[in-house]
Amino acid sequence: MKYTVQRGTKDILPNEIGVWQIIEKTCRKLFELYNYKEIRTPIFEATELFFRSIGSTTDIVSKEMYTFPDRKGRSLTLRPEETAPVVRASIQNNLLSKNNTTKLYYLGPMFRYERPQAGRQRQFHQAGIEVFGSDDPLVDVEVILLAEQIGNRLGLSDLGIDINSVGDKQCRPEYIKSLKDYFKDKIKEMCGECGKRFEFNPLRILDCKEPNCQKYIEKAPASSQTLCLDCKIHFEKVIEGLKASGIKYKINNRLVRGLDYYTRTTFEVISKQLGAQNAVCGGGRYDTLVEELGGGPIPAMGFAIGLERIVEIVKSQTLPAGRQVPMTKSQQGIKLYIVTLGEEAQKIGFDLLTKARKAGISSDMDYLGKGLSAQLKAADRQKAKYSLIIGEEEIKKNKYILRDMKSASQTEVSPDEVIQTFQK
Ligand code: HAM
């Protein structure tokens with residue numbers, strides 16, 4: 001019986017890990033440049049947390065969660081996203097206050113039982129940020145700028161930003177009422193899911209991807225028509241800030257996003273280089289979630305980037321002449337490969353290997369008892385810069401052979417010079 005990877009999950013192999021590491025490093029660097037601090041939360045949480053935050057009638061919660069009872073019968077869920085866990089952890093550990101901002105970032109796997117397709121997996125990775133404590137529109141601008149700068153730094157071209165405001169507690173009921181009025185006489189023609197959404201959460205009708213439903217959704221009322229004065233002013237200031245920062249955006253009045261916690265600003269970064277799953281980043285403001293989950297009345301805003309989608313673009317991209325996706329250290333190869341012939345040489349070689357590693361010289365040796373030329377081939381495969389050959393003859397002479405793997409030129413070194421030679 002051969003086991004294979006589960007549907008919707010992927011092994012990320014050593015030959016592609018370089019792109020991942022570069023993307024992760026770029027995200028971390030920029031998050032820290034903007035003064036965000038890393039947080040790591042557990043992979044599973046109480047199911048209730050996601051019900052209360054994302055919303056029980058959303059697709060994520062009603063259809064896509066990996067939920068299971070633990071051995072004591074508690075209902076647990078593999079995190080489908082990281083905003084709710086970060087809010088939970090921040091409240092629990094008193095990281096939030098009304099008088100200060102708290103800026104957190106994360107990278108890690110998320111789990112959603114979706115139909116797998118290009119850019120959509122059941123285990124996928126997000127890099128995201130959350131900023132708590134201020135509802136200033138400039139925070140929204142900063143968050144969007146950061147998302148944009150990550151795209152730029154990774155050399156992604158063809159990115160677009162869609163932005164909207166979904167209003168707040170005050171004006172949302174008005175919007176929902178306008179949606180109900182509009183869909184009232186159309187809902188019979190729409191899919192069964194939309195029928196349910198009409199009953200329980202009309203806003204979610206706008207998430208439906210059915211072509212027949214889309215026909216009606218396209219003409220649905222825009223949230224901008226029902227925004228209260230405070231939300232309108234907030235949105236105008238966000239737009240003003242984006243303009244002042246030279247960010248290109250498109251107002252998309254149907255961008256309500258598939259999670260219930262959003263208030264006011266919602267946005268997505270879209271790539272033209274991807275197919276149907278074209279959002280590389282999604283986020284928005286959620287000013288009431290902290291309080292709903294038992295914290296104080298603390299506003300918040302954030303986004304998450306889908307790393308698989310970024311990896312796809314970076315891999316498919318032809319970089320400008322002379323630029324290559326840089327290699328990681330391990331892809332560049334090791335400095336030294338120790339070739340040993342015979343048992344005694346192996347012992348000496350192993351001792352030198354340990355010393356080399358302690359001295360910070362990346363190195364390896366053969367453990368398969370191969371002959372000289374097979375060991376040299378192995379050194380080549382490991383992209384070793386040098387090999388050190390130790391055989392009976394070399395032990396007798398107390399001089400080992402140091403071979404430059406590229407030029408094949410060889411010099412002799414005495415045992416206690418080996419490490420120094422590399423340090424020079
Ligand atoms: P989201 O839009 O559900 O938002 O996910 C953010 C990004 O994760 C998407 O734009 C997409 O790139 C990626 N993504 C989502 N599902 C999948 C999947 N099945 N396979 C591959 N990539 C996927 C959130 O998760 C919010 N927590 C974002 C946020 C943070 N809002 C405020 N703060």
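In this predicted model, Asn-252 is in contact with Asp-162, Ile-163 and Asn-164, its neighbours within four places in sequence being left aside. One of these contacts is polar. The side chains of Asn-252 and Asp-162 meet at 3.0 Å. Asn-252 sits in the loop between strand 8 and strand 9. The residue is partly exposed, because its relative accessible area is 22% and the buried class ends at 20%. Gln-123 gives a reference point for the position of this loop residue. The C-alpha atoms of Asn-252 and Gln-123 are 29 Å apart, with a separation of 129 residues along the chain.

The loop that holds Asn-252 also holds Arg-264, between strand 8 (250–251) and strand 9 (265–271). The backbone of Arg-264 has a positive phi, near 55°, although the residue is not glycine. Arg-264 counts as buried, since its relative accessibility is 10% and the class covers values under 20%. Lys-383 likewise has a positive phi near 55° in a residue other than glycine. Its place is the loop between helix 14 (372–381) and strand 14 (386–390). Lys-383 is partly exposed, with a relative accessible area of 47%. The value falls short of the exposed class, because that class requires over 50%.

The ligand was examined next. A shell of 27 residues surrounds the ligand. The closest are Glu-81, Glu-114, Glu-130, Tyr-262 and Ala-279. By residue class, the shell comprises 11 nonpolar, 9 polar and 7 charged members. Strand 6 (123–132), strand 10 (279–285) and strand 11 (300–306) each contribute at least two residues. Strand 10 contributes the most, with 6 residues.

Several N or O atoms of the protein approach ligand oxygen atoms. Ala-279, among the closest residues, does so through its backbone, where an N or O atom is 2.8 Å from a ligand oxygen. Arg-112 uses its side chain, with an N or O atom 2.9 Å from an oxygen atom of the ligand. The side chain of Gln-126 places an N or O atom 3.1 Å from a ligand oxygen. Taken alone, the ligand has 650 Å² of accessible area, and the protein covers 96% of it.

Cysteine pairing was then assessed. A disulfide is a covalent bond between the sulfur atoms of two cysteines. The model contains 0 disulfides by the distance rule applied. Cys-27 is therefore unpaired, as the nearest cysteine sulfur, in Cys-281, is 9.5 Å away and the cut-off is 2.5 Å. Cys-27 is buried, with a relative accessibility of 1%. Cys-171 is also in no disulfide. Its nearest cysteine sulfur belongs to Cys-228, at 3.6 Å. This pair does not qualify, because the sulfur atoms must lie within 2.5 Å. Cys-171 has a relative accessible area of 3% and is therefore buried.

Conventions:
Residues numbered from 1 in each chain as written. Predicted model: local features only at pLDDT ≥ 70, side-chain atom pairs only at ≥ 80, totals over all residues. Heavy atoms only, no water. Near = heavy atom within 4 Å. Polar contact = N/O pair within 3.5 Å; in protein donor to acceptor, adjacent residues only side chain to side chain. Areas by Shrake-Rupley, 256 points an atom, 1.4 Å probe, with all protein chains shown as cover. Helix = DSSP H or I, 4+ residues; strand = E, 2+ residues; numbered from the N terminus. Nonpolar A, V, L, I, M, F, W, Y, C, P; charged D, E, K, R; others polar. Buried < 20%, exposed > 50% of the residue type's maximum accessible area, 1.4 Å probe, protein only. Contact = heavy atoms within 4.5 Å.
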